[in-house]
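Thanks, everyone. I have one structure to go through today, and I will keep to what can be read from the coordinates. Here it is.

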Amino acid sequence: MAIRKLNKLSSQTTVLKQILKRCSSLGKKQQQNGSYIDDVPKGHFAVYVGENRSRYIVPITFLTYPEFQCLLQRAEEEFGFDHDMGLTIPCEEVVFQSLTSTLR
């Protein structure tokens with residue numbers, strides 16, 4: 001039983017690390033001259049939410065919450081993680097704001 005729990009935790013940790021690695025450059029905004037600036041504080045990452053793709057900066061600790069993990073699974077199913085558009089969360093902004101306000 002303990003080995004099964006350990007394997008599950010190890011698997012979840014690996015998945016979270018992969019997500020963070022894929023998201024590491026998503027916090028960079030392009031300036032007019034083509035260079036990038038990093039406006040995301042350490043320990044956070046950027047996501048895009050809703051029809052208008054509004055940008056939100058969320059703490060990495062959100063990755064540990066099952067509710068946020070569910071959103072990431074939906075994002076992977078709908079958009080995948082390997083694209084240049086940034087990590088897009090497939091839900092309405094008001095739902096995202098409500099969920100994140102309960103996680104803080």
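I'll begin with a charge and a ring. The charged end of Arg-53 sits over the ring of Phe-79, at 5.3 Å from the ring centre. Keep in mind that this is a predicted model.

Now the overall layout. The protein has 3 helices and 5 strands, and along the sequence they come in the pattern α-β-β-β-β-α-β-α. Of its 104 residues, 31% are buried. Taking contacts with a separation of 6 or more, 45% are between residues 24 or more positions apart. The exposed area is about 7400 Å², and carbon and sulfur atoms supply 51% of that.

Next, the aromatics. How many aromatic pairs does a search of the whole structure find? The count is 5. One of them is formed by Phe-45 and Phe-68: the ring centres are 6.2 Å apart and the planes meet at 75 degrees, so this pair is edge-to-face, the cut-off for that class being over 60 degrees. Phe-45 belongs to strand S3, residues 44-49, while Phe-68 belongs to helix H2, residues 66-78, so the pair ties together parts 23 residues apart in sequence. Are these two residues buried or exposed? Phe-45 has a relative accessible area of 4% and is buried. Phe-68 is at 0% relative accessibility, and is buried as well.

Ring pairs also put these two residues in a wider group: Phe-45, Tyr-56, Phe-62, Tyr-65, Phe-68 and Phe-96 are linked into a cluster.

Two members of that cluster come up again in the helix packing. H2 packs with helix H3, residues 93-103, at an angle of about 145 degrees, and the axes are 10 Å apart. On the H2 side the contact is made by Glu-67, Phe-68 and Leu-71, and on the H3 side by Phe-96, Leu-99 and Leu-103. Sorted by class, that gives 5 nonpolar residues, no polar ones and 1 charged.

One last residue, Thr-100, is also in helix H3. Thr-100 has a relative accessible area of 6%; the cut-off for buried is under 20%, so Thr-100 counts as buried. Which residue of the aromatic cluster can we set it against? Phe-62 is linked into the cluster, and the C-alpha atoms of Thr-100 and Phe-62 are 8.2 Å apart, with their positions 38 residues apart along the chain.

That is what I have; questions are welcome.

How values were computed: Residues are numbered from 1 along each chain as its sequence is written. This is a predicted model: local features need pLDDT of at least 70, side-chain atom pairs count only at pLDDT 80 or more; totals for chains, interfaces and linings use all residues. Side-chain values use heavy atoms; hydrogens and water are left out. Helices (H or I, at least four residues) and strands (E, at least two) are DSSP runs, numbered from the N terminus. Buried means under 20% relative accessible area, exposed over 50%, partly exposed in between (1.4 Å probe, protein chains only). Contact means heavy atoms within 4.5 Å. Accessible areas come from the Shrake-Rupley method with a 1.4 Å probe; for residues, only the protein chains shown count as cover. Rings of Phe, Tyr and Trp (its six-membered ring) pair if their centres lie within 6.5 Å; planes under 30 degrees apart count as stacked, over 60 as edge-to-face and the rest as tilted. A charge sits over a ring if NZ of Lys or CZ of Arg is within 6 Å of the ring centre and within 35 degrees of the ring normal. Axes are lines fitted to C-alpha atoms, for helices over the stretch in contact, and angles run from 0 to 180 degrees between N-to-C directions. Ala, Val, Leu, Ile, Met, Phe, Trp, Tyr, Cys and Pro count as nonpolar, Asp, Glu, Lys and Arg as charged, and the others, Gly among them, as polar.
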